[in-house]
Amino acid sequence: MKLKDYYRDYYDGYISQLAPSTQEGYRSSIGLHVLPKWGEWELHEIRVRHINAWLAGDFASPGQADKAYKCLRQIIRSAMGDEVYPEDVVDPTTRGVRKPRMPHRGEAPHLTARQTKELLLAVVGYEYEPSVICGVWLGLRRCEQCGLKWGDIDLRTGVVHVRRGVQRVAGEVVVTEVKTHSSARPVMLPRTAVERMREIKRERRARADDWIMGDRVDPERYSRTLKALCRRKGVAHVAPKHLRHTFDSLHHAAKTQDSEISKMLGHASLQTSYRYMELDEDVLRSLQRSLERKVLRA
């Protein structure tokens, strides 16, 4: 079977089940690089030497080549799973493939405790202040920060339930499911954050079904305006997605155990343990108090 036929008849349907932003990325890379090169090839005729020559060819960057190879590899392995690949032909992606060397990007940017405190003071009154508060104190992904509604936050206990995400895909703002099963997790705001969120909710007269971002729910606008605000106020800036790294680094500095940090971040690698983990509010409250003290004393 030719690769283009397998993609059209089978694999494109599998992609449709993924998150909208993931679909967009896969289809773009497959359309730009995989189908033009391999579309007319019989799947079993694609061998290691052909893949290596392709990867050494005209790609704009190592990252572009790496993404294209991952898409090709997934298509081949999917074809093997669907039993449209000869059983006596070895999977070419299991050995010998020389992927391009990826540049070292260094440590993800994050804020210190003092910089975090300055940021929280700088965003007071900012239209997306609730999203920043939740990003800082809960370590949420950007889509999760944007996907919270007031009804997801119990302002009596501080417990927040992450239930959805919001992303901009192909120019449109779309509501998505959380990234993994373990991402649909309970987390907890510390006392300082709960008090400020109560004030904001009263000021905005928000209802349970209202977005914490207000009327203009737009992840890209959120990123742009936060950057502009930080420049105007003269405080350190990281993109909303890096508030997650700030949360991670600050909890490490506060001596929180790695396993507890992973649970709060909703890492998929702990998916099995999540099936048996009960929500222990006392543990969450204790961990967040440690982080709160570190930030407020900075």
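Helices here are DSSP runs of H or I with at least four residues, strands are runs of E with at least two, and both are numbered from the N terminus. What I am showing is a predicted model, in which local features need pLDDT of at least 70 and side-chain atom pairs count only at pLDDT 80 or more, while totals for chains, interfaces and linings use all residues. Residues are numbered from 1 along each chain as its sequence is written, and side-chain values use heavy atoms, with hydrogens and water left out.

Let me begin with M1, which sits in the segment before α1 (3-15). M1 is partly exposed, at a relative accessible area of 34%, where partly exposed lies between buried, under 20%, and exposed, over 50%, using a 1.4 Å probe and protein chains only.

Turning to the interior, the largest nonpolar core has 52 residues, and those touching the most other members are L119, W137, I153, L189 and Y222. Such a core is a set of buried Ala, Val, Leu, Ile, Met, Phe, Trp, Tyr and Cys residues joined through side-chain atoms within 4.5 Å. Helix α6 (residues 129-138) supplies the largest share of this core, six residues. Another core, of 26 residues, lies apart from it and includes Y7, I15, L55 and A68.

Finally, the strands: four of the five residues of β2 (residues 165-169) are buried, so this strand is largely enclosed by the rest of the structure. β2 pairs with β3 (residues 172-176) in the antiparallel sense over five bridges, pairing being called when DSSP finds at least two bridges between two strands. Within this pair, V166 stands opposite V175, and the two strands form a hairpin with two residues between them, where A170 in the turn has a positive phi of about 50°.
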